[in-house]
Amino acid sequence: MTDVSATPTAAAAARSQGAGMKTALRWGLYLILGLFAVYYLMPLFVMLTTSLKSLEEIRTGDLVALPREVTFDAWAKAWSGACTGIQCEGVRPYFWNSVLIAVPGVLISTLLGAVNGYVIAQWRFKGANIIFALMLFGCFIPFQVVLLPMARLLGLMGIAGTIPGLVFVHVIYGIGFTTLFFRNYYVTIPQELVKAAKVDGAGFLRIFWSIFLPLSIPIIVVSVIWQFTQIWNDFLFGVSFSSAGTQPVTVALNNIVNSTTGVKEYNVDMAAAIIAALPTLLVYVVAGKYFIRGLTAGSVKG
Amino acid sequence: MAPILDIQHLYKNYGATEILKDINVSIEPGDFLVLVGPSGCGKSTLLNCIAGLEPITGGTLKIGGEDMTHVSPKDRDIAMVFQSYALYPTMSVAKNITFGMKVRGVDQATQDRKLAEVARQLQIEPLLKRRPGQLSGGQRQRVAMGRALVRDPKLFLFDEPLSNLDAKLRVEMRTEIKSLHQRLGASMVYVTHDQIEAMTLATKIVVMKGGVIQQIGTPAEIYNKPANLFVADFMGSPAMNLIPAKARANGVGTKLEIARDGAEPIVLTDTRATNLPEDVILGLRPEDISEPGYRSGESVQQAQCKVEIVEPAGADTYVMTTLGGKQITARLHAETAAAPGAAHTFAFDLGKVSYFNPGTGERIL
């Protein structure tokens, strides 16, 4: 950047000027990033503070002000007392519904995705690419398109309006994504590994279980986070394919907020919303660094 | 004794592409067969066919006298060492070596005994608890060999096992594989593109090109009597000199006239060659072109040529000149007086000369 013909002192001056410029730019960058961070955290801040205020304080106070008096009444009510329509049990039963839908949904779709990816990447057969392309296509089908056919299918299978029915829907919808994750991960593993294991006498499942699954921790984490977020946050399938006792927490949250009459209990709504969002937050906090690592990982040395 | 590996009229196609054409090879127990050729010649495919990792399109393939066409790799009683070693990344060295036995349900005591035996043989005892990722290239190579050795198979298969190692380690491991073969007396099939590996290791070499076998023979046969121009050029380093010449029969044998730039042609006489066509290609190894005084006999004749390039290589000095329009290499002593640009007297030893048909490339004599 400095002119080679310049005298040493001039070069040094230019360099220090350049360094000053660099520092200014750096601080400018931090400022902009800081502003964005505040902008993104603002809603969460409002939710948290509102949920800790009493209704009286919400009515009279400022939206962004800190609570004058911290109270957990709204949280207790949201968890076990808020009304969804005619029932007043809070989000608790629906929270457990969501757990019962998400946990098997995540596990089954991840396992199926791993097997699919293993077959498509390492046991190339005729038409493997077409099948993979079709599965990929499944990732891009909008939810709305499958609502009616899926409702009919669930009816025929006799699991309409049940939790197994919702698990089934989420597994079907998730396979496209999980297959994509695992296929792209396994495709970077040298084929010689399978050959070596074949010569050693191992079969299809043995190779998968003893060699590929132990290698897959990073991509399993990615798949679990992705699927858990998708299934937990799903609203449309939850509202379409559930019945009174099997609604997931997202649907219950909507009912709490929309079905109250009279005074709007903003503090209860906010607390319920935070409760509904906590599990996905938790998953990110616990496994977030593996998520990034898993997305960028792949090549296996050795 | 019955051949341990017997391949007859083997064909391999991928769709409409013929990868291997009419392969016929067989080896006796204890043989070290090397498949050598440039990349894409089908040698690795042939090895995969022997292993059962690729189905064959036609012909028969027998191991230990039994037809293997529809037998899966695990039932062929073979062990294989791969170029990338293909060690199981999440298993320790010990588990890598015993995995095959574990899969086959061998009892723990036998596993431990064989593991200890192989670890001692390959000197990898201190590494047994490590993961492949914590090993150097040479160590991984040893573990991969250990995984094969522990199986005690009818046939060992090696797929370019040394090509990921650096030059020095490659030579060390080569010697080690050779001594292993001599110690065990096992039958081995080894794929490489390195003709020096082929020469040093093999008891039998198969030279391949474009899915077709060019020549099968002992290293000496391949080196001294190459079947065609391809084999002559491929095997040996520096390559065999292939010099176009005009042949004329005279009373005592054949006179060979070799054109030279800006000078009279060189005339050499081969007293043993008869009935050569007029146009021939003369194949002379670099070591058969030396300096007067080092070799004697009636096959040795002298001629002066202009030296173009001098390449000292330590033990020898390679000297290049042009004959018959081709650059040729002579292997002279390290202390040679040959200097670039000056004329030098060379001694041509026709004792081991090869003759090729320039049209077909096949060996004539």
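Two residues are in contact here if their C-beta atoms, placed from the backbone, lie within 7 Å. Keep that cut-off in mind for chain B of this predicted model: among its contacts with a separation of 6 or more, 64% come from residues 24 or more positions apart. Chain B has 365 residues, and 41% of them count as buried. DSSP-wise, chain B holds 8 helices and 21 strands. Its C-alpha trace spans about 75 × 45 × 35 Å along the principal axes.

What does the record say about chain B? UniProt, in an unreviewed entry, puts the feature "domain: ABC transporter" at residues 5–235 of chain B. In the model, that span is 37% helix and 26% strand, and its end C-alpha atoms lie 25 Å apart.

A good place to begin looking is an open sheet in chain B. This sheet has 6 strands in the order β6-β7-β8-β3-β9-β10, and the pairing is mixed. Its edge strands are β6 (78–81) and β10 (212–217) of chain B, each of which pairs on one side only. Going from one strand to the next, the twist averages 15°. As a reminder, strands of a sheet pair through backbone hydrogen bonds, either parallel or antiparallel. For a parallel case, take β7 (residues 155–159) and β8 (residues 187–192) of chain B, which are joined by 5 bridges. If you want a pair to click on, Leu155(B) stands opposite Ser187(B) in β8(B).

Now hop to helix α1 of chain B, residues 43–51. Is this helix mostly covered or mostly open? It's mostly covered, with 8 of its 9 residues buried. A residue counts as buried if 20 or more other C-beta atoms lie within 10 Å of its own. The buried set of α1(B) takes in Leu46(B), Leu47(B), Cys49(B), Ile50(B) and Ala51(B), and also Lys43(B), Thr45(B) and Asn48(B). Right after α1(B) comes Gly52(B), with a positive phi near 90°.

For a contrast, look at Asp107(B), which sits in the loop between α2 (93–103) and α3 (108–122) of chain B. Why is Asp107(B) classed as exposed? The count is what decides: exposed means 12 or fewer other C-beta atoms within 10 Å, and Asp107(B) is exposed because there are 9. To get a feel for distances in chain B, compare Asp107(B) with Val212(B): they are 105 residues apart along the chain, and their C-alpha atoms are separated by 44 Å.

Further along chain B, strand β14 (residues 279–284) is another mostly covered element, with 5 of its 6 residues buried. β14(B) pairs with β11 (residues 241–249) of chain B in the antiparallel sense over 6 bridges. Within that pairing, Asn241(B) has Leu284(B) as its bridge partner. β14(B) also pairs with β21 (residues 354–356) of chain B, antiparallel again, over 3 bridges. There, Leu282(B) stands opposite Tyr355(B).

Time to turn to chain A. For "transmembrane region", an unreviewed UniProt entry lists residues 27–48, 99–121, 128–147, 153–182, 203–226 and 270–292 of chain A. What do such stretches look like in the model? Residues 270–292 of chain A are 100% helix and 0% strand, with end C-alpha atoms 30 Å apart. Residues 128–147 of chain A are 80% helix and 0% strand, and there the end C-alpha atoms are 28 Å apart.

Chain A also offers a helix pair to examine. Two packed helices are described by the angle between their axes and the distance between the axes. For α4 (residues 92–122) and α7 (residues 163–186) of chain A, that angle is about 35° and the axes are 6 Å apart. The crossing of α4(A) past α7(A) is right-handed. By residue type, the contact of α4(A) with α7(A) divides into 18 nonpolar, 12 polar and 1 charged.

Finally, how do the two chains meet? Using the contact cut-off from the start, 17 residues of chain A touch 20 residues of chain B. On the chain A side, the elements giving two or more residues are α8 (192–200) and α9 (204–215). α8(A) supplies the largest share, 7 residues. Sorted by type, this side of chain A divides into 9 nonpolar, 2 polar and 6 charged residues.

How values were computed: Residues are numbered from 1 along each chain as its sequence is written. Chains are lettered from A and ligands numbered from 1 in the order in which they are written. This is a predicted model: local features need pLDDT of at least 70, side-chain atom pairs count only at pLDDT 80 or more; totals for chains, interfaces and linings use all residues. Helices (H or I, at least four residues) and strands (E, at least two) are DSSP runs, numbered from the N terminus. Ala, Val, Leu, Ile, Met, Phe, Trp, Tyr, Cys and Pro count as nonpolar, Asp, Glu, Lys and Arg as charged, and the others, Gly among them, as polar. Axes are lines fitted to C-alpha atoms, for helices over the stretch in contact, and angles run from 0 to 180 degrees between N-to-C directions. A crossing is left-handed if the near helix is turned anticlockwise from the far one by less than a right angle, and right-handed if clockwise. UniProt positions are given in the numbering used here, feature names are shortened, and annotations may be inferred rather than shown by experiment. Two strands pair if DSSP finds at least two bridges between them.
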